[in-house]
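Student: I have this structure open and would like a close look at its charged side chains. Could you take me through them slowly, please?

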Amino acid sequence: MSNDRPNRLLADLANKLNLTCLTQIKHDRYAVDILKELLEIDKAIFAVQEWNDAYRYFSGRNEGYPTVHEARLGLMTFLSKERWSITNQH
């Protein structure tokens, strides 16, 4: 994520979840709520860079996607897989 500008998508998600600190959004307990919010967000509101930055923020990976649609799906897939694996660890 670029340090010279805030990511509006992440800020919007944090605001919708009533989080006071952006780092809180990475806590596992918010994964399902974030997915619900992402389903409600019009993907066209945010540029592909913001979707990719959000994906990178959550995943810690450097790759990105060429379109908003792919970046949104990549982010949602990552969050759902992470949530599934955390929930099902024994």
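Tutor: Happy to: we will begin with the whole chain, go on to the charged pairs, and finish with one charged residue that has no partner.

A word on the source: this is a predicted model, in which local features need pLDDT of at least 70 and side-chain atom pairs count only at pLDDT 80 or more, while totals for chains, interfaces and linings use all residues. Residues are numbered from 1 along each chain as its sequence is written, and side-chain values use heavy atoms, leaving out hydrogens and water.

The chain has four helices and zero strands; helices (H or I, at least four residues) and strands (E, at least two) are DSSP runs, numbered from the N terminus. The predictor's confidence in each residue is its pLDDT, from 0 to 100. The chain has a mean pLDDT of 86, with 84% of its residues at 70 or more. Of the elements, H3 has the highest mean pLDDT (95) and H4 the lowest (81). Of the 90 residues of the chain, 34% count as buried; that means under 20% relative accessible area, whereas exposed means over 50% and partly exposed lies in between (1.4 Å probe, protein chains only).

Now to the charges. Side chains of opposite charge can pair when their charged atoms come close. In this structure there are three salt bridges, each a side-chain nitrogen of Lys or Arg within 4 Å of a carboxyl oxygen of Asp or Glu.

Start with Glu50 and Arg8, whose closest N and O atoms are 3.2 Å apart. Glu50 belongs to helix H3 (residues 48–59) and Arg8 to helix H1 (residues 8–16), so this pair ties together parts that are 42 residues apart in sequence. Glu50 counts as buried, at 7% relative accessibility, while Arg8 is partly exposed at 46%.

Next, find Asp12 and Lys16, which form a salt bridge with their closest N and O atoms 3.6 Å apart. These two are four residues apart in helix H1, so about one helical turn separates them. Asp12 is partly exposed, with 23% relative accessibility, and Lys16 is partly exposed too, with 37%.

The remaining pair is Asp53 and Arg56, which meet in a salt bridge at 3.3 Å, N to O. Both lie in helix H3, three residues apart, which is about one turn of the helix. Asp53 is buried, with a relative accessible area of 2%, and Arg56 is partly exposed, at 23%.

Finally, turn to Arg72, in helix H4 (residues 68–87). For charges, Lys and Arg count as positive and Asp and Glu as negative, while His and the chain ends are not counted. Arg72 is buried yet has no salt bridge: Asp42, the nearest side chain of opposite charge, is 7.7 Å away. What does the side chain of Arg72 reach at 3.1 Å? The backbone oxygen of Leu38. Contact means heavy atoms within 4.5 Å. Leaving aside neighbours within four places in sequence, Arg72 is in contact with Leu38, Leu39, Ile41, Lys43 and Trp51. Leu38 therefore appears twice in the picture: its backbone oxygen is reached by the side chain of Arg72, and Leu38 is among the contacts under the 4.5 Å cut-off.

Technical notes: A polar contact is a pair of N or O atoms within 3.5 Å; within protein, one must be able to donate a hydrogen and the other to accept it, and residues adjacent in sequence count only if both atoms are side-chain atoms.
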